[in-house]
Amino acid sequence: KLFMKTSRRSDVVAYFGHGIFALLLQHTDVKNATRTAERLYDMMASTNFFLGDKEIELKICSGIAELSKDKTADETIELALTALRSCDEQGDSPYVVAKPE
């Protein structure tokens, strides 16, 4: 639900699997993608989640990869997943931008 609140109608939100969601931000540069990642992080941090009477603490990290006609979809997804793993390992930033090769 939070992803839908942050995205625009032209964006694509999908569940990738293993707790990973993909958000394809059409017509968005890296600078604005980082702003979206920060908004998601802030929204998640300020929202309380409960399962029964137990509060659940969720963590969010974003891996950002820019689409390029020089890369296949699989290569772009792998770049985003690598950035996501980096973000998860660092733990001090809401996002990591993939380094172009």
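**View 1. Helix α3 gives the most to the lining of the largest pocket, with 8 residues.** This is a predicted model, so local features need pLDDT of at least 70 and side-chain atom pairs count only at pLDDT 80 or more, while totals for chains, interfaces and linings use all residues. Residues are numbered from 1 along each chain as its sequence is written, and side-chain values use heavy atoms, with hydrogens and water left out. The largest pocket has a volume of about 1400 Å³. Of its 43 lining residues, F21, A22, L23, G63 and A80 are the closest to the centre. A pocket here is an open set of points on a 1 Å grid over the protein atoms alone, where a 1.4 Å probe fits, with protein on both sides within 12 Å along at least five of seven lines; lining residues have an atom within 4 Å of a point. The points are joined across faces, edges and corners, and the volume is the space filled by probe spheres set on them.

**View 2. Helices and strands both help to line the largest pocket.** At least two lining residues come from each of α1 (2-6), β1 (12-17), β2 (20-24), α2, β5 (62-64) and α3 (73-90). Helices (H or I, at least four residues) and strands (E, at least two) are DSSP runs, numbered from the N terminus. Sorted by class, the lining has 31 nonpolar, 6 polar and 6 charged residues. Ala, Val, Leu, Ile, Met, Phe, Trp, Tyr, Cys and Pro count as nonpolar; Asp, Glu, Lys and Arg as charged; and the others, Gly among them, as polar.

**View 3. T34 sits in helix α2, residues 30-45.** With 12% relative accessibility, T34 counts as buried. Buried means under 20% relative accessible area, exposed over 50%, and partly exposed in between (1.4 Å probe, protein chains only). The T34 side chain reaches the backbone oxygen of K31 at 2.6 Å. Setting aside residues up to four places away in sequence, T34 touches I64, Y95 and V97; contact means heavy atoms within 4.5 Å.

**View 4. V97 belongs to strand β6, residues 95-97.** Here the relative accessibility is 27%, so V97 counts as partly exposed. Look for I64 alongside: V97 and I64 are 33 residues apart in sequence, but their C-alpha atoms are 4.6 Å apart in space. Beyond its neighbours within four places in sequence, V97 is in contact with V30, T34, I64 and A83.

**View 5. C61 and C87 have sulfurs 3.3 Å apart.** The structure holds 0 disulfides. C61 is in none, and the nearest cysteine sulfur to its own is that of C87. The 3.3 Å separation is too far for a bond, because a disulfide is counted as a pair of cysteine sulfur atoms within 2.5 Å. C61 is buried at 17% relative accessibility, and C87 is buried as well, at 1% relative accessible area.

**View 6. H18 and H27 each have a positive phi: H18 about 55°, H27 about 60°.** Neither H18 nor H27 is a glycine. H18 lies in the loop between β1 and β2, whereas H27 is found in the loop between β2 and α2. H18 is exposed, with a relative accessible area of 83%, and H27 is exposed too, at 77%.

Note on methods:
Polar contact = N/O pair within 3.5 Å; in protein donor to acceptor, adjacent residues only side chain to side chain.
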